[in-house]
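Here is a friendly walk through one structure, meant to be read with the model open beside the text. Take a moment to look it over before reading on.

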Amino acid sequence: MPDGIDVDYDGLIPNNVGLADDPRLKKALETWHPGYIDWWMDMGPEGFQDAEVYLRTAVSVDPKGWAKFGFVKMPDYKWGVLLAPAVEGRTIPFGKHKGEPAWQEVPGEYRAMLRRLLVIQGDTEPASVEQQRHLGATAPSLYDLRNLFQVNVEEGRHLWAMVYLLQKYFGTQGREEAEDLLRRRSGHQDNPRMLGAFNERTPDWLSFFMFTNFTDRDGKMQLEALAQSGFDPLSRTCRFMLTEEAHHMFVGESGVARIVERTCAAMKEAGIGDPHDTARVRALGVIDLPLIQRKINLHYSLTLDLFGNEISTNAANAFNAGIKGRFREAKLEDDHQLVDATYPVLRCIDGKLVEQQVPALSALNMRLRDDYITDAAGGVRRWNNVIERAGFDFRLTLPHQAHNRRIGEFSAVKADTLGNLLTDAEWEVRRDEFLPTAADAAFIAELMQPVHTPGAFASWIAPPKTGIDSQSGDFEYVKISE
Ligand SMILES: [Fe+2]
Ligand SMILES: [Fe+2]
């Protein structure tokens, strides 16, 4: 049943791409599979491979009911190859091929460009699993433990999604890239993952929630841009990945919201009026709001770097070619070719930040980053609603784009969180005001103690409003084998 809504579950690899009728591809994926399982056992969630976890598995690509929930050991998870349904008569929505029928095969001239985009996207998926592999040991509840593992298995599936495209459309080179995706390691000195933020540590659960809120949100933006692609199999792959990605951001955004909620409640109970009264707040076993702000500054700035240089010929070429579009391209009202258009970019010129109009085609990274910033601001607003409702005079903010950057216009300068430029000496003096400190890390490390009793939560996080799949509050989401 090729390209259907229902998924073929009979073989080793669940799929809706007609794998049974494509022996060459089937063999390639089955050859890759044992290496993937080895990677999962080596680099996947540490200490919980035998646990029964209440996970959702995609059984269809019908938006009305695509997942089923049930207990499964993670190594037995049904990682599959799933594409959103084909859109009849789809045309290339942007660039110089706009209006031509979407490609079902890779156009020869764009082969290298497409392969590179697939590999970069693919590399982030196993990287985040590697970054998060130690977190199970300190989960604040079984509910959160389950959410961590859900995110992990789905990132594993996203790797499958990219490997499918590489193996199906890129021959020997694609197979080699698929092997390399299993060889690189997050944070490894000699063989690291490809992008900076995916080589950083995710040492604690506050970092995990920040990562899933901010960095998975970059993933969402990249997938949205690739979902526009004129290369139809990529578009369909990304459209289905986005349905899973929404849950990752829910985990991050609601995770931070629950921490903020718990902190505010504890401060109120203790009669603490000033959120900056850090020592007293920490004595309550909750995370102070200024520390949450410093974590925001760190994860947000690392994530902005993932958008690459503000002005980029690669981005222009990928758009022109019809390979990578803009966020929600179809909803934008312009010619979708941008040949004469301009776009404002904040630049750093002679030590000053100035806005400049540049050709819109070369500013596409900047544009996607701007859309990301708008999206991310919505989450911060919801966190602030929690603080406001609790009656505290404190607001979390997104730092200025120039703050703590390593890539692009601002990589050569130091800036505070408001965008005021600092000398190196001033930065050194004030650094601990902006970014998590060694003392912060020590405090959080002490706080991170596992809670494995069904329905119980660590002191520093509030329970969720509702359970996963409408389960009750004391549901045992993970059955840990002793
Ligand atoms: Fe992903
Ligand atoms: Fe994700």
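## Loops, irons and a helix pair

V339 sits in the loop that joins helix 9 (313-320) to strand 3 (342-349). Please keep in mind that this is a predicted model. V339 has a relative accessible area of 62%, so it counts as exposed. From V339 to W460 the C-alpha to C-alpha distance is 52 Å, with their positions 121 residues apart in sequence.

The loop between helix 9 and strand 3 also holds R328. Most residues other than glycine have a negative phi. R328 is not a glycine, and yet its phi is positive, at about 50 degrees. Its relative accessibility is 36%, so R328 counts as partly exposed.

A second residue of this kind is D469, with a positive phi near 55 degrees although D469 is a residue other than glycine. You will find D469 in the loop between helix 12 (438-447) and strand 7 (478-479). With a relative accessible area of 37%, D469 is partly exposed.

Towards the start of the chain, E46 lies in the loop between helix 1 (23-43) and strand 1 (52-58). E46 is partly exposed, at 42% relative accessible area. E46 and E109 are 63 residues apart in sequence, and their C-alpha atoms are 43 Å apart in space.

### The two iron ions

Now to the metal sites. Which residue coordinates both iron ions? It is E155, and the iron ion (ligand 1) lies 3.4 Å from the iron ion (ligand 2). The table sets out the protein donors of each ion.

| Ion | Donors | Distances | Spacing along the chain |
|---|---|---|---|
| iron ion (ligand 1) | E125 (OE), E155 (OE), H158 (ND1) | 2.0 to 2.2 Å | E-x29-E-x2-H |
| iron ion (ligand 2) | E155 (OE), D216 (OD), E245 (OE), H248 (ND1) | 2.0 to 2.2 Å | E-x60-D-x28-E-x2-H |

The site of the iron ion (ligand 2) has 4 donor atoms, with angles of 89 to 174 degrees among them, and is classed as irregular. Among its donors, E155 belongs to helix 3 and H248 to helix 6, so this pair ties together parts that are 93 residues apart in sequence.

Helix 3 (residues 142-169) contributes both E155 and H158, which are 3 residues apart, or about one turn of the helix. Are these residues buried or exposed? E155 has a relative accessibility of 3%, so it counts as buried. H158 is buried as well, because its relative accessible area is 0%. H248, like E155, is buried.

### Helix 5 against helix 6

Two packed helices are described by the angle between their axes and the distance between the axes. For helix 5 (residues 205-227) and helix 6 (residues 232-270), the axes come within 8 Å and cross at roughly 155 degrees. Helix 5 is therefore roughly antiparallel to helix 6. The crossing of helix 5 past helix 6 is left-handed. What kinds of residues make up the contact of helix 5 with helix 6? By class there are 15 nonpolar, 6 polar and 7 charged residues.

Definitions and conventions. Residues are numbered from 1 along each chain as its sequence is written. Chains are lettered from A and ligands numbered from 1 in the order in which they are written. This is a predicted model: local features need pLDDT of at least 70, side-chain atom pairs count only at pLDDT 80 or more; totals for chains, interfaces and linings use all residues. Side-chain values use heavy atoms; hydrogens and water are left out. Axes are lines fitted to C-alpha atoms, for helices over the stretch in contact, and angles run from 0 to 180 degrees between N-to-C directions. Helices (H or I, at least four residues) and strands (E, at least two) are DSSP runs, numbered from the N terminus. Angles under 35 degrees count as roughly parallel, over 145 as roughly antiparallel, 65 to 115 as roughly perpendicular and the rest as oblique. A crossing is left-handed if the near helix is turned anticlockwise from the far one by less than a right angle, and right-handed if clockwise. Ala, Val, Leu, Ile, Met, Phe, Trp, Tyr, Cys and Pro count as nonpolar, Asp, Glu, Lys and Arg as charged, and the others, Gly among them, as polar. Donors are N, O and S atoms within 2.8 Å of the metal (3.2 Å for Na, K and Ca); water is not among the atoms, so sites may look incomplete. Buried means under 20% relative accessible area, exposed over 50%, partly exposed in between (1.4 Å probe, protein chains only). Four donors count as tetrahedral if all angles lie between 85 and 135 degrees; four count as square planar and six as octahedral if opposite donors are over 155 degrees apart and all others between 65 and 115; anything else is irregular.
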